[in-house]
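Please take the sequence and the model together, and follow the account below from a sheet and the helix beside it to a pair of packed helices elsewhere in the chain.

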Amino acid sequence: MTDVSHEHAALIGKLGVDIDPELLSLALTHRSYAYENGAIPHNERLEFLGDSILGQAVTVHLFTRHPELDEGSLAKRRASVVSTVALAEVARTIGLGEHLRLGRGEDQTGGRDKDSILADTMEAVFGATFLSAGAEAATTLVLRLLEPLLADPARYGAAMDPKTSLQELAARLSLSPPTYAITAEGPDHHRRFTATVTVGEVMSTGIGSSKKQAEMAGALAVWRQLSSRA
C-alpha cells in the first residue's frame with residue numbers, strides 16, 4: 001500500500017469502494033493548499049464531474065421511486081438533497097474534514113468544518129469514484145451515503161430556505177407568523193448581527209455577518225424545534 005493510500009485508509013474503508021489513492025488525494029486537495037504548494041492541481045475539476053454524477057443519481061432515484069410526484073415536487077426534493085447543507089452533513093458522517101488538504105489560513109479559520117468546503121469535496125470524491133471504479137460504483141456510493149437524506153428531504157429543504165419553511169410550518173401548526181428582532185455589534189468592517197426569532201412560545205437566536213444570515217440561522221433553529229411537533 002502506498003503512503004497516500006495508507007494516509008486515507010480509514011476514509012477509504014468508510015467509503016467502501018476501491019478509489020485510486022492518487023485520485024482520492026486530488027479530490028481532498030482544496031485550492032488553498034494547492035496555491036501554497038506551487039500551484040499544484042486541486043479538486044475543482046473532480047468537483048465539476050462529481051456534481052453531474054450526484055445530480056443524475058439522485059434524479060433517477062427520485063423519478064423511479066416516486067411516481068406520485070410531479071416535476072415541481074421532484075425538483076424541489078432533489079434540490080434539498082443535493083444542497084450544500086445536506087452534502088456537508090454527509091461529509092461529516094464519514095469524517096471527511098479530517099482528511100482535507102487545506103492551506104494554513106483556511107485550516108486555521110475552521111475550513112475543515114465549513115459547509116461549502118465539505119460539500120464541494122464530497123462531490124470531488126464522487127468524481128474520483130467514477131474515474132476509479134466506474135459509473136455504477138459511483139452511483140451506488142452516492143445513493144448509499146445520501147439514503148438518510150432521501151428519506152427525510154424536508155429537513156434539508158428547510159436549511160435551503162428556512163424563513164419560508166418556518167412560515168409554512170407555523171401556519172400548519174396554527175401558530176402566529178414568525179417575528180424577527182435584530183441587534184448588531186462590532187465595527188462596520190466586522191459587523192455581527194443577532195436575530196431573535198419567535199413563533200408562539202418558541203424562541204431562538206441566529207448569528208451572522210449580515211441581517212439575512214442571522215435571520216436564516218435563527219429561523220432554522222426555530223424550525224428544528226417546531227418540526228418535532230409536526
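In this predicted model, three strands form an open sheet in the order β1-β2-β3, and their pairing is antiparallel. The edges of the sheet are β1, residues 179-185, and β3, each of which pairs on one side only, and from one strand to the next the twist averages 20°. Strands of a sheet pair through backbone hydrogen bonds, in either a parallel or an antiparallel manner. Here β1 and β2, the latter covering residues 192-199, run antiparallel and are joined by seven bridges; within this part of the sheet, Y180 stands opposite V197 in β2. Helix α13, residues 211-227, packs on the sheet and touches β1, β2 and β3, its direction making about 145° with that of β3.

A single residue of the edge strand β3 can now be considered: S204 lies in this strand, which spans residues 202-208. With a relative accessible area of 16%, S204 counts as buried, because the cut-off for that term is under 20%. Its contacts, leaving aside neighbours within four places in sequence, are with A195, T196, V197, G218, A221, V222 and Q225.

The other packing to examine is that of helix α5, residues 44-65, with helix α10, residues 135-151, whose axes lie 10 Å apart at an angle of about 65°, in a crossing that is right-handed. From α5 the contact draws on I53, L54, A57, V58, H61 and L62, and from α10 on A138, T139, V142, L143, L146 and L150. By type, ten of the residues in this contact are nonpolar and two are polar, while none is charged.

Terms used
Residues numbered from 1 in each chain as written. Predicted model: local features only at pLDDT ≥ 70, side-chain atom pairs only at ≥ 80, totals over all residues. Heavy atoms only, no water. Helix = DSSP H or I, 4+ residues; strand = E, 2+ residues; numbered from the N terminus. Buried < 20%, exposed > 50% of the residue type's maximum accessible area, 1.4 Å probe, protein only. Contact = heavy atoms within 4.5 Å. Pairing = 2+ DSSP bridges. Axes fitted to C-alpha atoms, helices over the stretch in contact; angles between N-to-C directions. Left-handed = near helix turned anticlockwise from the far one by under 90°. Nonpolar A, V, L, I, M, F, W, Y, C, P; charged D, E, K, R; others polar.
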